[in-house]
Amino acid sequence: MPLLNIDELKALVENPQSPCISLYMPMQKAGPEVRENPIRFKNLIREAEARLEAIKMPQTDAVELFKQAHELDTPDFWENQDRGLVIFISPTVFRYYQLPIEFEELVVVSKQFHLKPLLQLIDNDNRFYILALSQDNIRFFEGTPYSIKEVEVPNMPKSLDEALGYDETASSGQFRIATSRGGTANAMTQPGSFHGQGSPDRDQHQKDILQFFHLVDDAVCQKLKNQKAPLVLAGVEYLFPIYKETNEYPHLVEEGINVNVDIVKPEELQDKALPIVEPLFHQAEKEAIERYQELAGAGTGKASNDVKEIVSAAYFQRIDSLFVPVGQKLWGEFDPDTMAVELHSEPEPDDEDMLDFAAIHTLLNGGTVYALDPEDVPQSPAAAIFRF
């Protein structure tokens with residue numbers, strides 16, 4: 001099963017071959033209700049087959065199209081599920097994703113895959129990072145409200161010994177600066193000053209940690225170059241001010257997670273980080289809505305809730321920020337040659353959800369998409385801020 005990320009989304013959007021079938025279903029993970037999962041699955045397949053029959057697809061072609069989907073229907077498959085299951089099927093594509101959020105049951109047969117329900121999982125604005133500080137085992141994590149994974153950071157030293165080139169023959173346990181991965185011996189001869197006082201041995205050790213953290217910060221900044229996601233520190237509290245003295249990443253969060261990172265599980269770090277970063281996510285959303293309202297009220301032409309204008313602008317890379325309602329659909333067709341958008345009150349053969357179309361193209365073209373509850377969208381049925 002592939003991982004769901006922006007590259008996967010691009011692969012699903014580019015070069016589609018019709019018909020594109022999108023199946024969404026909630027999953028029961030425990031109790032007698034788990035028996036409903038394969039029943040619901042078969043019902044969705046039957047509904048999709050009926051849709052294909054309605055567009056005159058030969059039955060033999062439809063049977064072949066669903067062959068891999070039917071092969072999933074095994075006890076092992078149903079015993080290993082998350083909260084939601086999504087399956088995409090076309091003559092050239094078969095992908096499925098077991099995901100940590102629950103979906104409404106949905107079948108869409110169109111010229112493109114229906115992807116808007118997934119935006120809350122892949123929206124960059126809901127991503128955050130955790131740097132687990134330790135003198136013996138630095139670790140770096142990428143998190144979302146639904147998942148966390150450890151990520152390799154190129155050229156980042158994992159320990160104080162590795163960073164400073166511990167010399168076991170040196171007297172008094174002193175450290176010497178050595179060439180580190182991706183750096184030079186001279187690069188850290190002027191690491192800055194650590195503000196504090198104590199015994200000479202303690203002061204020297206704090207300076208060694210400071211030099212170590214300079215190297216770590218250099219690697220982290222390269223990893224997060226041009227990103228805006230919050231970075232949270234985790235570790236014993238006395239390390240935080242030392243690292244902050246070296247930090248050059250502009251989105252480091254002031255509050256840290258005071259834990260022993262050598263024994264804490266990644267899921268615990270995620271749970272402790274979410275209350276810290278979630279207000280930041282909502283703040284970005286709030287500021288974007290305020291900006292939209294200001295631009296729309298001023299009549300600048302840089303904001304609109306006209307769906308036809310929004311769809312065209314999304315396709316031609318004009319949208320900076322887009323607000324779309326979760327769970328609502330607006331069926332129609334877009335012709336990129338004439339820039340014409342047709343909207344229909346009921347889905348017609350080969351129709352697409354125009355809100356889905358706008359959201360996906362905005363995301364692929366580097367814009368930000370806010371998938372909101374319908375009542376939170378600043379203007380119905382959707383709203384956009386344009387780059388130009």
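This is a short chat about a predicted model, its sheet, its cores and some of its polar pairs.

Visitor: Is there a sheet I can start with, and what is its strand order?

Guide: There is an open sheet of five strands, in the order 7-6-5-8-9, and its pairing is mixed.

Visitor: Which strands are at the edges?

Guide: Strand 7 (148-150) and strand 9 (257-258) are the edge strands, and each of them pairs on one side only.

Visitor: How do strand 6 and strand 7 pair?

Guide: Strand 6, residues 139-143, runs antiparallel to strand 7, with three bridges between them. In that pair, G143 is opposite I148 of strand 7.

Visitor: What packs on the sheet?

Guide: Helix 9 (residues 239-246) does, touching strand 5 (128-132), strand 8 (231-235) and strand 9. The direction of helix 9 makes about 145 degrees with that of strand 8. Helix 10 (residues 266-298) also packs on the sheet, and it touches strand 5, strand 6, strand 7, strand 8 and strand 9. Its direction makes about 130 degrees with that of strand 5.

Visitor: New topic. How many residues are in the largest nonpolar core?

Guide: That core has 43 residues. The ones with the most contacts inside it are F88, L99, L115, L118, V311, I319 and L322.

Visitor: Which helix gives the most to it?

Guide: Helix 12, residues 354-364, gives the most to this core, with seven residues.

Visitor: And what does L118 touch?

Guide: Leaving out residues up to four places away in sequence, L118 touches L4, Y24, V86, F88, L99 and F103.

Visitor: What about another core? How many residues does that have?

Guide: Another core lies apart from the largest one and has 29 residues, including L131, M156, I209 and L239.

Visitor: Now N37. Where is it, and is it buried or exposed?

Guide: N37 is in helix 2, residues 36-54. N37 counts as buried because its relative accessibility is 0%, and the cut-off for buried is under 20%.

Visitor: Which backbone oxygen lies 2.8 Å from its side chain?

Guide: The backbone oxygen of Q28 lies 2.8 Å from a polar atom of the N37 side chain. Not counting neighbours within four places in sequence, N37 is in contact with M25, P26, M27, Q28 and W78.

Visitor: How many salt bridges are there in the whole structure?

Guide: A search finds eleven. One of them joins the side chains of D353 and K116, at 3.7 Å from N to O.

Visitor: Where do those two sit in the chain?

Guide: D353 is in strand 14 (residues 352-353), and K116 is in the loop between strand 4 (106-110) and helix 6 (119-122). They are 237 residues apart, so the pair links distant parts of the chain.

Visitor: Are D353 and K116 buried or exposed?

Guide: Both D353 and K116 are buried.

Visitor: What does R127 pair with?

Guide: R127 meets E142 in a salt bridge, with 3.7 Å from N to O. R127 is in the loop between helix 6 and strand 5 and E142 is in strand 6, so the pair ties together parts 15 residues apart in sequence. R127 and E142 are both buried.

Visitor: And E254, what does it meet?

Guide: The E254 side chain meets that of K244 in a salt bridge of 3.1 Å, N to O. E254 counts as exposed, at 63% relative accessibility, while K244 is partly exposed, at 28%.

Visitor: Which residues are linked in a network of salt bridges?

Guide: E36, R40 and E105 are linked in such a network.

How values were computed
Residues are numbered from 1 along each chain as its sequence is written. This is a predicted model: local features need pLDDT of at least 70, side-chain atom pairs count only at pLDDT 80 or more; totals for chains, interfaces and linings use all residues. Side-chain values use heavy atoms; hydrogens and water are left out. Two strands pair if DSSP finds at least two bridges between them. Helices (H or I, at least four residues) and strands (E, at least two) are DSSP runs, numbered from the N terminus. Contact means heavy atoms within 4.5 Å. Axes are lines fitted to C-alpha atoms, for helices over the stretch in contact, and angles run from 0 to 180 degrees between N-to-C directions. A nonpolar core is a set of buried Ala, Val, Leu, Ile, Met, Phe, Trp, Tyr and Cys residues joined through side-chain atoms within 4.5 Å. Buried means under 20% relative accessible area, exposed over 50%, partly exposed in between (1.4 Å probe, protein chains only). A polar contact is a pair of N or O atoms within 3.5 Å; within protein, one must be able to donate a hydrogen and the other to accept it, and residues adjacent in sequence count only if both atoms are side-chain atoms. A salt bridge is a side-chain nitrogen of Lys or Arg within 4 Å of a carboxyl oxygen of Asp or Glu.
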